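Please work through the exercises below with the coordinates open. Each one sets a task and then solves it step by step.

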Amino acid sequence: MPHIDLPEGVPGIRGPMLYRPDTAQHMNELVSVLLHDEHTLSAGEREMIGAAVSRANECVYCSTIHASIAVHQLHAVEGARDLVESVLRDPLHAPVSDKLNALLVLALQVRKGGKEVTPEAVAHARSVGATDLEIHDAILIGASFCMFNRYVDGLATYTPDDPAVYDELGARRAAQGYRVGIT
Amino acid sequence: MAHITVPSGLPGITGLLESRLDTSAPIRDLTQFILRGPNTLTEGERELIATIVSAGNACTFCTNAHAATAARYGWTRDEVDAIVWDPTTAPVSDKVRHLLIMARALQRNVQGITADMVVAARKAGATDVEIHDTVLIASLFCLYNRYVDGLASDYPPSMDYYEKLADRLTTNGYERKGLPNASH
């Protein structure tokens with residue numbers, strides 16, 4: 001049961017976003033820029049970074065929904081579901097590009113703490129082609145999910161068990177993005 | 001030196017926010033609303049939550065910035081330091097003490113807030129909105145602290161910098177307006 005009187009039966013972050021809509025629009029704008037808008041990294045790649053950080057933080061709602069969004073963003077990729085599942089299970093050994101692997105390292109380092117990010121990991125990311133913007137965004141995605149995961153679990157929001165709920169929500173978010181508001 | 005190129009002469013978060021305006025706008029707007037918007041928690045109480053989380057995350061820049069700012073709202077700097085060191089004996093109201101304890105628990109662990117902590121906060125007079133806002137402020141500073149240290153942003157040249165920053169945060173708040181143009 002949620003710690004505060006959130007709208008009943010509304011999954012995950014959507015509960016507190018409906019409860020305090022003034023804050024929701026800013027969080028949705030941030031996540032739009034980081035995960036959905038045009039970028040040199042695909043939306044699917046960025047969603048996988050968010051899902052991997054959330055899994056490491058043991059936030060079930062965020063890791064499940066962002067994995068679902070990633071699958072839907074990667075719909076044109078053969079075996080997308082297996083790929084996303086492998087990133088969740090073992091992000092640093094998943095069959096992704098060298099660049100995405102290096103960015104996952106940075107996001108998972110910053111999850112543990114800001115000072116955990118090593119100059120070597122940054123230099124490695126650059127050596128496999130990551131730009132300053134991609135390094136910045138991988139670290140900010142990692143840091144942002146340390147906020148979102150705490151917001152969701154700190155209020156003990158409702159976490160549905162039914163995979164179909166995440167599949168349907170993930171499809172919608174992948175298609176519509178995050179600026180549409182909470183529907 | 002920072003891991004990426006940021007505008008020079010802007011230490012800590014200030015340079016990072018200038019390096020990517022698309023992401024900094026919603027981060028600034030969220031911060032302005034939750035730390036300076038209408039609230040039954042005072043600005044000083046909300047700055048204490050920001051400070052205790054930053055101190056727990058060992059983020060030097062954010063801790064100094066928000067401790068200096070909190071100290072403008074009725075506590076001495078020594079009192080602020082004592083509060084973030086041990087909120088259980090802090091010279092604050094029972095309600096704020098319980099909110100600070102919750103914030104620290106959440107900083108340490110994503111699932112760190114227990115139902116008992118919430119019950120205790122509510123018993124001390126905290127409303128649902130205050131509990132919500134405490135959780136969001138603590139979560140937001142887990143973002144900030146990691147962003148600032150994760151990109152190895154520069155430290156300011158002296159401690160005086162934090163007092164000037166506190167001047168701005170207590171008058172302009174967290175909005176970008178009034179900020180001098182960044183020089184590269």
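**Exercise 1. Decide whether A:Arg20 counts as buried or exposed, and find what it is in contact with.**

Solution. The coordinates are those of a predicted model, and the first step is to place the residue: A:Arg20 sits in the loop between H1 and H2 of chain A. The second step is to apply the cut-off, by which buried means under 20% relative accessible area; A:Arg20 has 13% relative accessibility and therefore counts as buried. The third step is to list its contacts, leaving aside neighbours within four places in sequence, and these are B:Phe33, B:Pro38, B:Asn39, B:Val129, B:His132 and B:Asp133.

**Exercise 2. Describe the interface of chain A and chain B by its contacts, buried area and salt bridges.**

Solution. Begin with the contacts, where 46 residues of chain A meet 44 residues of chain B. Next take the area: the two chains bury about 3600 Å² between them, and 67% of this is on carbon and sulfur atoms. Then turn to the polar terms, for which the rule finds three salt bridges across the interface of chain A and chain B, as well as 21 residue pairs in polar contact, with both residues at pLDDT 80 or more. The elements that give two or more residues to chain A's side are H1 (14–19), H2 (21–36), H6 (98–112), H7 (119–127) and H8 (132–154) of chain A. Of these, H8(A) supplies the largest share, with 16 residues. Sorted by class, the side of chain A that touches chain B has 21 nonpolar, twelve polar and 13 charged residues. As a specific pair to inspect, A:Lys115 forms a salt bridge with B:Asp149, in which the closest N and O atoms are 2.9 Å apart.

**Exercise 3. Determine how many residues of H4(A) are buried, and which elements they pack against.**

Solution. First check the geometry of the helix: H4(A), residues 60–73, has 14 residues and reaches 20 Å from its first C-alpha to its last, close to the 20 Å expected at 1.5 Å a residue. Second, count the buried positions, which number ten of the 14, so that the helix is mostly covered. Among them are A:Tyr61, A:Cys62, A:Ile65, A:His66 and A:Ile69. Third, identify the cover: the buried residues of H4(A) pack against H1, H2, H3 (43–56), H5 (80–89), H8 and H9 (163–176) of chain A.

For H2(A), the buried residues include A:His26, A:Met27, A:Asn28, A:Leu30 and A:Leu34. What covers the buried residues of H2(A) includes H1, H3, H4 and H8 of chain A, together with H2 (21–36) and H8 (128–150) of chain B.

**Exercise 4. Locate the partners of the salt bridges of A:Asp37, A:Lys99 and B:Arg28.**

Solution. A search of the whole structure finds 19 salt bridges over all chains, and three of them are taken in turn here.

- A:Asp37 pairs with A:Arg179, the closest N and O atoms being 2.8 Å apart. The pair links distant parts of the chain, since A:Asp37 is in the loop between H2 and H3 of chain A and A:Arg179 in the segment after H9 of chain A, 142 residues apart. A:Asp37 is partly exposed, with a relative accessible area of 22%, and A:Arg179 is partly exposed as well, at 46%.
- A:Lys99 pairs with A:Glu134, the closest N and O atoms being 3.0 Å apart. Because A:Lys99 lies in H6 of chain A and A:Glu134 in H8 of chain A, the pair ties together parts that are 35 residues apart in sequence. A:Lys99 is partly exposed at 22% relative accessibility, whereas A:Glu134 is buried, with a relative accessible area of 2%.
- B:Arg28 pairs with B:Glu18, the closest N and O atoms being 3.7 Å apart. B:Arg28 is in H2 of chain B and B:Glu18 in H1 (residues 13–19) of chain B, ten residues apart, and both residues are buried.

As a last step, look for shared partners: salt bridges join A:Glu29, A:Asp37 and A:Arg179 into one network.

**Exercise 5. State where A:Glu58 and B:Ala152, which have positive phi, are found.**

Solution. A:Glu58 has a positive phi of about 60° although it is not a glycine; this residue lies in the loop between H3 and H4 of chain A, and at 60% relative accessibility it counts as exposed. For B:Ala152, phi is near 55°. B:Ala152 is found in the loop between H8 and H9 (160–171) of chain B, and is partly exposed, with a relative accessible area of 22%.

Key: Residues numbered from 1 in each chain as written. Chains lettered and ligands numbered in written order. Predicted model: local features only at pLDDT ≥ 70, side-chain atom pairs only at ≥ 80, totals over all residues. Heavy atoms only, no water. Contact = heavy atoms within 4.5 Å. Buried area = accessible area lost by both parts, 1.4 Å probe. Salt bridge = Lys/Arg side-chain N within 4 Å of Asp/Glu carboxyl O. Polar contact = N/O pair within 3.5 Å; in protein donor to acceptor, adjacent residues only side chain to side chain. Helix = DSSP H or I, 4+ residues; strand = E, 2+ residues; numbered from the N terminus. Nonpolar A, V, L, I, M, F, W, Y, C, P; charged D, E, K, R; others polar. Expected span 1.5 Å × (residues − 1). Buried < 20%, exposed > 50% of the residue type's maximum accessible area, 1.4 Å probe, protein only.
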